Amino acid sequence: MRTRMTVLAVCGAVVLAACGGGGKDAKAGGSGFKPTTDGPIEIGMLVTDTRAEVARNGVGTVSPYRDEAHAMVDKVNAGGGVKGRQIKVVDDVIDFSAPNHDTAFEAVCQRFTKDNNVQAVVYDGVIYNDSFNSCLTKAGVPLLYMGQTGSTVGDAKAFKDNPGLIAVNAVSVTRRVETIMNKAIAAKYLPRGSKIGVLVEDCPYNERAYNETLKPIADRGGIELVKGEVKCAHGYADNGPTLALIQSFALKFKSQNVDSVMLLTLYENGIIYYFAQGAHAQNWSPQYLLFHPQASSAQMAIIPPEQLTNMRGFGGFPIMDVTEPPAPSAAQAAVRDTCMADARAAGLSVQKIIDEITVYQTCDAVRLLQQGLTNSGGLGGTEKLVAGIEQIGTGFVSALTVDGATKFGPGRHDGMELTAVSSFDSGCKCFKYTTPAGPIG
């Protein structure tokens, strides 16, 4: 999904459609929430079970997030917990191969909120699902995503309708589109008269982003859009037809004289892998406007070389954006050292860059949870915990984002704050930043 060969895509590229998310729009609520003021703070820990997919296709990785997250929670508890209260983890799994993800997520939600009394849920985010957001919103339980390295977690409306939805270091599809378009225009990658082929996974949040954000920016810039749609996946069975359709859009876009390609899909890198194969077969090399380009050597190795040369990135994770990431700031380096030391002290294997990224993702989520609970006086639930996270403002240093920068506050629950433009350098055959970092949007 995010890549074909790394744990950045726990799903694996061959199953990218099944990681979509439909569901109904959520309504704010939570009147049935039962807050706790003493004893352990129960936190739901949800990870995705991808074992069946790995066995079936030989591609993908069994989710490593549970062990990492438990290690981080254990460290918090060993330090006295939060406001003198220990964190008690309530584990659950979502089956990646489930035929209907909406039903599966509803069952998980009921176990967390009815069978248990969790005060928040931390989730690896492999499958984004609006129904899960809605169910937890109605129960008054906030949801923190720990595994979304720059992938979208719904649009601005999804965040508004789900006040407990927190993306630790990710970005909404609304802000993602604004960033890609505005920075591509500023960098002169999209002059007036450009034509963008937009591959849209037709989930409600993507359709809204296309109509309400992408199209107005394109119209103002004199840029034409050519839309291609694939089905918003609600389960594993939706996978097969989508993969074939993705490759067919290369011929469609080429025949309509498209010069650039953009993806309004939850998982970008997995889809771009299949699209690039289709474009290669058509002897066509468009410009790709991506949040994260194919920057690692492993990723570059599986993309046809001529498809790499016109890839532009606009993301906010140096470790994914460029082949040789710049040194982190002192504050971010200190956070990374602490996260890595905690993981190794717990006996976790950290041998490759993909292992490091997983550690940083989980460490960010648990640290933000801890900081939010500290600010709320140890009180969970959407009303108290989210207010505690909003108080953080720019005071949370991420292990992953550019310079560790994040921002939280009322109306701002997706934390990524800075991005920079990157592109392929034919000299080093690598991706480099071409602009300084600047605010998203």
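This dialogue treats the disulfides and one helix of a predicted model.

Reader: On what basis should the values be read?

Author: The model is predicted, so that local features need pLDDT of at least 70 and side-chain atom pairs count only at pLDDT 80 or more, whereas totals for chains, interfaces and linings use all residues. Residues are numbered from 1 along each chain as its sequence is written, and side-chain values use heavy atoms, with hydrogens and water left out.

Reader: How many disulfides does the rule give?

Author: A disulfide is a pair of cysteine sulfur atoms within 2.5 Å. By this rule the count is four.

Reader: Where does the disulfide of Cys 203 and Cys 232 lie in the chain?

Author: Helices (H or I, at least four residues) and strands (E, at least two) are DSSP runs, numbered from the N terminus. The sulfur atoms of Cys 203 and Cys 232 are 2.1 Å apart. This pair links distant parts of the chain, 29 residues apart: Cys 203 is in the loop between strand 6 (195-201) and helix 7 (204-220), and Cys 232 is in the loop between strand 7 (224-230) and helix 8 (239-255). The link is right-handed, with 95° about the S-S bond.

Reader: Are Cys 428 and Cys 430 buried or partly exposed?

Author: Buried means under 20% relative accessible area, exposed over 50%, and partly exposed in between (1.4 Å probe, protein chains only). Cys 428 is partly exposed at 36%, while Cys 430 is buried at 9%. Their sulfur atoms are 1.9 Å apart, and the link is left-handed, with -75° about the S-S bond.

Reader: Which elements does the disulfide of Cys 339 and Cys 363 join?

Author: The S to S distance of this pair is 2.0 Å. Cys 339 belongs to helix 13 (residues 330-345) and Cys 363 to helix 14 (residues 353-375), 24 residues apart. Cys 339 is buried at 1% relative accessibility, and Cys 363 is buried at 3%.

Reader: Why do the buried residues of helix 13 line one face?

Author: The arc is that of the directions from the helix axis to the C-beta atoms. The buried residues of helix 13 include Val 335, Cys 339 and Met 340. Seen down the axis of helix 13, its buried residues fall within an arc of 160°, so they line one face. The face turned away from the buried side carries the exposed residues Ala 330, Asp 337 and Ala 345.

Reader: What covers the buried residues of helix 13?

Author: Contact means heavy atoms within 4.5 Å. The cover includes helix 2 (65-78) and helix 14.
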